[in-house]
Amino acid sequence: MSIQMKNLEFSYSDEKTLNGLSAHLKKGEFISILGPNGTGKSTLIKCINGLLKPQKGCLSINGCDISGMKHREIAKIMSYVPQSSSSLFNLSVLDMVLLGRCSHASWRSGKKDCLKAIEALEYLNIESLAMRSFNELSGGQQQKVVIARALAQETEIIVLDEPISNLDIRHQIEVMEIIRELVDKKAITAICIVHDLNIASRYSDKVVIMNKGQAVAEGKPADVLTKEVIGEVYGVEVGMTHVDDGLYIYPLKVKSLKKERSYNEKY
């Protein structure tokens, strides 16, 4: 299930957050969205999953314009994993995962929905948490539960907004391994905002690098994550070494901040 974006524009004020962005995301790939803070990554994710509507341009799934689709229709083909999750209610883990069945179920969850929720918990090896309160879990456990909820939703696309940003290195690797396995074994398309360039290089089939509301580079990590592109987008000079499972990228120095220093000195 491919996603085509052409000349997308979106703004919260006078300044455009998305500024003519175009990209093509193919079925069955792990796609990482990279770029500096404030460059429109989360806004793009919310346009893709229908939470926001682009003000200009076209965003289509398998040739169907998403603007003409109802939220329930989108939920049947695309699930969403937010950056962090919490519950206002004292929901159990099983109840939290069952929320992923809302697009398939009516007012009440049936036997099939319960089986799908348990199956998702078992797939992530967290079925022992089923009766625990979601709010009592650690950050890493909560993130696995939210991924289980997305898995129970039975969609072809999973969209993840910085799923590892609040996790320690062990849980970062565990979550990325889970997503990679879902792509490989279940042919799911994963679209994931990532800040760590090394993690993106290791796990992604494709990266899209954003800057100032545009997609400035798109392709395989080894082709796109170059010293020149990283220097231009992030303003950091880096070194890199090719390793078996990707690239090892390390910072050397930040580019000149003369303009910023002059401003600070003046005021």
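In the predicted model, strand E1 is joined to strand E4 (residues 56-61) by five bridges, and the two strands run antiparallel. Within this pairing, Ile-3 has Ile-61 of E4 as its bridge partner. Strand E1 (residues 3-11) also pairs with strand E2 (residues 16-25), again in the antiparallel sense, over seven bridges. The connection from E1 to E2 is a hairpin of four residues, and Leu-8 is matched with Leu-21 as its bridge partner in E2.

Strand E1 also contains Glu-9. This residue counts as buried because its relative accessibility is 17%, below the cut-off of 20%. Residues up to four places away in sequence aside, Glu-9 touches Lys-16, Leu-18, Asn-19, Gly-20, Pro-54, Gln-55 and Lys-56. Of these contacts, Lys-56 falls within the residue range of E4, while Lys-16, Leu-18, Asn-19 and Gly-20 fall within that of E2.

Strand E8 (residues 189-193) is largely enclosed by the rest of the structure, because five of its five residues are buried. Thr-189, Ile-191 and Ile-193 point one way from this strand, whereas Ala-190 and Cys-192 point the other way, and all are buried. E8 pairs in the parallel sense with strand E3 (residues 30-34) over four bridges, and Ile-33 has Ile-193 of E8 as its bridge partner. A parallel pairing over four bridges is likewise formed between E8 and strand E7 (residues 157-160), where Val-159 stands opposite Ile-191. Together with helix H6 (residues 169-186), strands E7 and E8 make a right-handed β-α-β unit.

The structure holds 11 salt bridges. In one of them, the side chains of Asp-113 and Arg-101 meet at 2.9 Å, N to O. This pair links distant parts of the chain, 12 residues apart, with Asp-113 in helix H4 (residues 111-123) and Arg-101 in the loop between helix H3 (93-98) and H4. Both Asp-113 and Arg-101 are buried. The two residues also belong to a network of salt bridges that links Arg-101, Asp-113, Lys-116 and Glu-154.

A further salt bridge brings together the side chains of Glu-174 and Lys-144 (2.8 Å, N to O). Glu-174 lies in helix H6 and Lys-144 in helix H5 (residues 139-152), so the pair ties together parts that are 30 residues apart in sequence. Glu-174 counts as partly exposed because its relative accessibility is 22%, whereas Lys-144 is buried, with a relative accessible area of 16%.

The side chains of Lys-206 and Glu-218 likewise meet in a salt bridge (2.7 Å, N to O). Since Lys-206 lies in strand E9 (residues 206-211) and Glu-218 in strand E10 (residues 214-219), this pair ties together parts that are 12 residues apart in sequence. Lys-206 is buried, with a relative accessible area of 10%, while Glu-218 is partly exposed, with a relative accessible area of 34%.

On the surface, Val-243, Tyr-248, Tyr-250 and Leu-252 make a nonpolar patch of about 370 Å². Strand E12 (residues 246-254) contributes the largest share of this patch, three residues. Val-243, by contrast, lies in strand E11 (residues 236-243) and counts as partly exposed because its relative accessibility is 37%.

Technical notes
Residues are numbered from 1 along each chain as its sequence is written. This is a predicted model: local features need pLDDT of at least 70, side-chain atom pairs count only at pLDDT 80 or more; totals for chains, interfaces and linings use all residues. Side-chain values use heavy atoms; hydrogens and water are left out. Two strands pair if DSSP finds at least two bridges between them. Patches are made of residues with over 30% relative accessible area and no salt bridge: like charges are joined within 9 Å, nonpolar side chains (Val, Leu, Ile, Met, Phe, Trp, Tyr) within 5 Å. Accessible areas come from the Shrake-Rupley method with a 1.4 Å probe; for residues, only the protein chains shown count as cover. A salt bridge is a side-chain nitrogen of Lys or Arg within 4 Å of a carboxyl oxygen of Asp or Glu. Buried means under 20% relative accessible area, exposed over 50%, partly exposed in between (1.4 Å probe, protein chains only). A crossover is right-handed if, with the strands pointing away from the viewer, the path from the first strand over the helix to the second runs clockwise. Contact means heavy atoms within 4.5 Å.
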